[in-house]
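Biologist: Hello! Could you walk me through some of the labels people put on a structure, and the reasoning behind them?

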Amino acid sequence: MTIDIRASLDHCVKCTICETHCPVSAATPLFPGPKYVGPQAERFRSEEASVDDSLDYCSGCGICSQVCPQGVKIAEINSRARARMKAQRGVPLRDRVIARPSVSARLATPVAPLANAALANPVLRCLVEAVMGVHRKAPLPRFTSRPFQTRQRQRSAADSFRAKSAKVVYFHGCGVNFFEPRLGEMAVAVLERNGFEVIVPPQDCCGLPLQSNGLFSEARTYVRRLASNLAPYARAGLPIVSTSTSCSLMLKREAHEILGEDSEELAVVSEQMFDICELLADLLGRGELDRRFGEVSLTVPYHAPCQQRGHGIGSPALDLLELIPGLEVVEQEAQCCGIAGTYGLKKEKYDIAMAVGRPLFESISELGASIAACDSETCRWQIAHATGVPVVHPIELLHRAYVGEQ
Amino acid sequence: MKTIEAEVLVIGGGATGAGVLRDVCMRGYGGLLVERSDLATGTSGRFHGLLHSGGRYAVKDPSSAKECMDENRVLRRIAADCIEDTSGYFVTTEKDDPSYSDLFVDGCRRAGIPVEEISVSAALNAEPRLSPRISRVLQVPDAAIDAWKTVWGCVRSASDHGGRALPYHKVTGILREGDIVVGAVVEDRAGDEVRIRAGFTINASGAWAAQIAALAGCGGFTILPGRGIMIAMGHRLVDTVINRCQMPTDGDILVPIRTVSVIGTTDEEASDPDDLRILQDEVDRMLADGETLVPGFRQVRALRVWAGVRPLFKDEKAESSSTREVSRSHRLLDHHDRDGVEGFITITGGKFTTFRRMAQDSVDIMGAQLKDERACHTHEEALPDSEERTYYKLGSRLAAREERLHDEQIICECELIGRRALENAMQRRGSSDLDDIRRTLRLGMGPCQGGFCIYRSAGILHSLQRIDAASATASLRDFLQERWKGLHPILYGDGLRQARLDDWIFQGLLNVEQLQS
Ligand SMILES: Cc1cc2nc3c(=O)[nH]c(=O)nc-3n(C[C@H](O)[C@H](O)[C@H](O)COP(=O)(O)OP(=O)(O)OC[C@H]3O[C@@H](n4cnc5c(N)ncnc54)[C@H](O)[C@@H]3O)c2cc1C
């Protein structure tokens with residue numbers, strides 16, 4: 001598989017479509033662009049020491065691969081080249097820390113109020129920037145003192161939905177577990193409302209942040225562990241749904257394509273992995289979605305994050321949200337919010353990430369909406385940080401509509 | 001008619017001629033080289049790119065094997081910047097007789113070629129695209145060598161020692177006074193004749209050597225051109241030279257050189273050294289052979305196919321002891337002994353790898369004839385840019401580009417040539433021929449085959465040299481014509497798609513066919 005990625009450079013006809021779509025090279029001259037860094041530079045790379053530092057300015061948003069009409073796996077080529085460079089040069093402590101959200105979260109959860117206060121303290125943040133290289137203004141999420149897993153365990157049987165016709169496995173990811181447990185609860189409620197029994201197996205990080213920071217072998221450890229946790233359910237034919245669009249993409253495709261993982265466990269999990277909106281839109285298509293929605297009178301800008309587009313599943317969130325009476329959804333044309341997982345947290349990249357997202361931020365601000373929607377957690381945090389508008393997962397709007405109906 | 005004087009005239013601007021020029025100049029003679037086209041456009045610019053370790057000849061031709069290894073060592077010392085130290089594997093594929101590999105190891109040991117067995121898994125680890133069906137891997141010090149850099153390096157070194165090379169000067173006659181050759185008549189690019197008077201003339205015209213010798217009235221031998229094709233694939237499939245471990249045959253070597261991988265070669269008897277046709281059947285065979293070494297080879301983009309001719313020497317005077325078999329692989333003809341003609345020798349055959357040795361042998365013979373024996377120093381002094389003795393690296397252009405990312409326009413995106421390098425080369429070459437610039441910089445030699453850089457370059461050429469638009473157009477058109485020759489036999493897959501896009505650019509957008517020139 002990793003051979004195929006490199007070999008795809010042969011398809012490049014130099015049309016430059018990727019360069020015209022790259023949000024990063026449009027925002028900074030520090031990144032020479034996907035065609036240059038991808039199919040062109042790759043021809044000059046070997047196992048020898050990496051020579052092109054500019055490669056590190058690729059945010060990994062993956063838009064280039066999506067728009068390439070010839071099928072060059074540009075972002076994947078870059079990702080692998082960066083991992084090789086990191087392996088040769090060493091990875092800064094900062095990247096090692098931000099690439100392991102579940103580790104830092106486990107440390108912070110018991111002292112969540114304290115940790116949140118600390119991270120909200122501008123003086124401390126300056127210190128963190130100086131010592132760690134995490135930009136003082138970068139959007140960091142707030143820790144919860146009651147992680148989603150804990151909440152699920154403590155949920156009384158009576159709370160659970162009874163008409164358990166079909167089972168579904170919920171892969172919530174670190175974001176829901178440690179930062180947005182309410183989203184997890186709403187996702188479970190929405191699934192239950194549609195007749196599913198929701199199973200929440202123990203789970204850890206999928207390894208995506210490690211992968212995007214070039215820590216491939218560590219990423220493999222995580223993704224293998226997660227795949228083997230989920231594989232028994234997948235083998236039993238249960239769908240696995242996720243509210244984290246980037247983590248589900250990791251399991252669907254990236255771990256295989258970029259890390260070269262080709263275990264049977266991962267393959268079967270990939271087969272059964274669905275974005276939550278994808279699964280619900282599928283129900284809708286079959287006429288099985290519960291459409292008894294209450295009114296939600298709101299105008300909501302919706303941003304489909306790059307990773308969501310990477311799924312190649314269309315815009316299921318839009319298909320669902322348009323069912324809600326009173327809700328006016330304004331699809332955003334701007335490509336990327338800039339954060340690209342952990343990219344925009346870094347001191348040297350924060351400004352670039354903010355510049356990348358500017359068209360999106362301006363468009364959302366101009367709308368004057370009280371709330372915005374987006375499928376990816378880090379993108380939500382970035383957009384909220386830049387615009388001051390709270391950003392929710394589309395599931396939260398569905399949940400509201402269901403609750404309003406009751 | 002203009003007349004130029006030279007102590008020693010060298011005919012042929014391939015590796016051998018350039019090596020001879022350098023050698024004579026380093027021994028203190030005034031040397032002048034003439035080449036009918038640009039330097040290294042004969043066999044030397046059309047070869048496979050392999051600096052032989054000698055492994056290929058270890059069983060079949062032990063003396064050539066030893067000679068290659070000796071020269072391999074010398075060139076690594078004096079021409080490091082022209083060489084990429086790729087190393088080489090001899091692999092036993094499922095199609096090869098496994099017993100050959102033991103003979104191979106013996107042969108290498110006898111020829112002094114360091115050979116080391118490595119495990120199949122280690123080889124596959126280092127070269128993941130290599131066929132997993134190989135059963136044995138032997139490693140030898142093969143390397144990749146850049147023809148143009150080497151030939152130009154020799155000429156630059158020669159000019160440091162007072163020598164000179166005249167490209168685009170074609171020999172049309174040899175001047176004789178009685179039994180003595182005293183120079184040649186050449187025709188320059190404009191078609192004007194120039195007389196060159198020389199004290200000694202060395203014919204280093206490779207596959208054309210019999211033609212030149214005939215002009216001097218020296219016959220008795222023929223050169224049968226053996227044509228071989230090579231196909232450059234779009235990127236590096238391997239970083240090590242891969243040879244099939246078997247008796248040398250067709251399509252058994254894959255050479256990673258610069259940004260491409262070259263599969264070769266064939267051997268078809270031709271009647272004329274200028275017959276460079278490419279047969280579809282040869283292309284098919286090469287791709288099939290590539291598949292044996294690298295599964296999926298046919299899916300890789302083929303960039304370009306070309307042919308070169310090896311001089312197959314046939315001596316009608318074979319019985320006479322006068323043909324000096326200095327080596328089994330190259331021929332040095334002392335026309336004084338053979339034909340009673342003084343002041344004239346012919347050197348032909350051999351390999352690119354052994355060009356320096358061939359030059360040394362030639363100039364030794366010249367010294368003997370002139371009774372003026374001077375010592376050779378070509379193995380001691382490094383070529384220009386190779387003084388540091390560091391090998392060329394694949395990533396060096398990328399590294400250089402990284403330095404200038406923000407302040408220099410890039411012209412050739414595939415080969416990463418910036419505007420400054422291009423302008424410098426154009427000034428230095430003083431040529432309005434874009435194909436000359438191509439050879440100097442590898443301009444337009446990447447995947448798009450000039451599709452995006454050649455119109456840019458034509459514009460820059462126009463603005464720099466102040467040639468008129470019509471000449472710039474002509475140069476552009478010539479370049480495209482030349483590229484097309486190497487493209488049309490391999491138009492399929494990604495290459496075809498690129499060719500269509502390039503065609504739209506040049507015909508649809510720029511209308512080059514109708515432009516005035
Ligand atoms: C297909 C193929 C692959 C090969 N691969 C390898 C390899 O990988 N490694 C290796 O070591 N060797 C290789 N060889 C052998 C090697 O390329 C040649 O031995 C070597 O390049 C010969 O160099 P040369 O200078 O003698 O001849 P050439 O390079 O042919 O030079 C002779 C020159 O004379 C010029 N000339 C002809 N007529 C006239 C005239 N009338 N006036 C002026 N000039 C004239 C020609 O234009 C030409 O440039 C290969 C050969 C072939 C055919």
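**From surface to core**

Modeller: Gladly! Let's start outside: Leu124(A), Leu127(A) and Val131(A) make a nonpolar surface patch of about 290 Å². Please keep in mind that this is a predicted model.

Biologist: Why does Val131(A) count as exposed?

Modeller: Its relative accessibility is 65%, and exposed means over 50%, so Val131(A) earns the label. You will find Val131(A) in helix 10 of chain A, which covers residues 122-132.

Biologist: And inside, which residues have the most contacts in the largest nonpolar core?

Modeller: That core has 44 residues, and those with the most contacts inside it are Val8(B), Val24(B), Ile145(B), Ile202(B) and Met366(B). Several elements of chain B each supply at least two residues of this core, including strand 1 (2-11), helix 1 (15-26), strand 12 (193-203) and helix 9 (355-370). Leaving aside neighbours within four places in sequence, Val8(B) is in contact with Val24(B), Ile202(B) and Met366(B), among others.

Biologist: How many aromatic pairs are there over all chains?

Modeller: The count comes to ten.

Biologist: What makes the pair of Phe90(B) and Phe104(B) tilted?

Modeller: The ring centres are 4.4 Å apart, and the planes are at 35°. Stacked needs under 30 degrees and edge-to-face needs over 60, so this pair of Phe90(B) and Phe104(B) is tilted. Phe90(B) lies in strand 5 and Phe104(B) in helix 3 of chain B, so the pair ties together parts that are 14 residues apart in sequence.

Biologist: How do you know whether Phe90(B) is buried or exposed?

Modeller: Buried means under 20% relative accessible area. Phe90(B) has 4% relative accessibility, so it counts as buried. Phe104(B), at 0%, counts as buried too.

Biologist: Why is the pair of Tyr455(B) and Phe506(B) called edge-to-face?

Modeller: Here the planes are at 65° and the centres 6.0 Å apart. The angle is over 60 degrees, so the pair of Tyr455(B) and Phe506(B) is edge-to-face. This pair links distant parts of the chain, with Tyr455(B) in helix 13 and Phe506(B) in helix 15 of chain B, 51 residues apart.

Biologist: What makes Tyr455(B) partly exposed?

Modeller: Its relative accessibility is 28%, which falls between the 20% and 50% limits, so Tyr455(B) counts as partly exposed. Phe506(B) is buried, with a relative accessible area of 4%.

Biologist: Which residues do ring pairs link into a cluster?

Modeller: Phe143(A), Phe178(A), Phe179(A) and Trp381(A) are linked that way.

Terms used. Residues are numbered from 1 along each chain as its sequence is written. Chains are lettered from A and ligands numbered from 1 in the order in which they are written. This is a predicted model: local features need pLDDT of at least 70, side-chain atom pairs count only at pLDDT 80 or more; totals for chains, interfaces and linings use all residues. Side-chain values use heavy atoms; hydrogens and water are left out. Patches are made of residues with over 30% relative accessible area and no salt bridge: like charges are joined within 9 Å, nonpolar side chains (Val, Leu, Ile, Met, Phe, Trp, Tyr) within 5 Å. Accessible areas come from the Shrake-Rupley method with a 1.4 Å probe; for residues, only the protein chains shown count as cover. A salt bridge is a side-chain nitrogen of Lys or Arg within 4 Å of a carboxyl oxygen of Asp or Glu. Helices (H or I, at least four residues) and strands (E, at least two) are DSSP runs, numbered from the N terminus. Buried means under 20% relative accessible area, exposed over 50%, partly exposed in between (1.4 Å probe, protein chains only). A nonpolar core is a set of buried Ala, Val, Leu, Ile, Met, Phe, Trp, Tyr and Cys residues joined through side-chain atoms within 4.5 Å. Contact means heavy atoms within 4.5 Å. Rings of Phe, Tyr and Trp (its six-membered ring) pair if their centres lie within 6.5 Å; planes under 30 degrees apart count as stacked, over 60 as edge-to-face and the rest as tilted.
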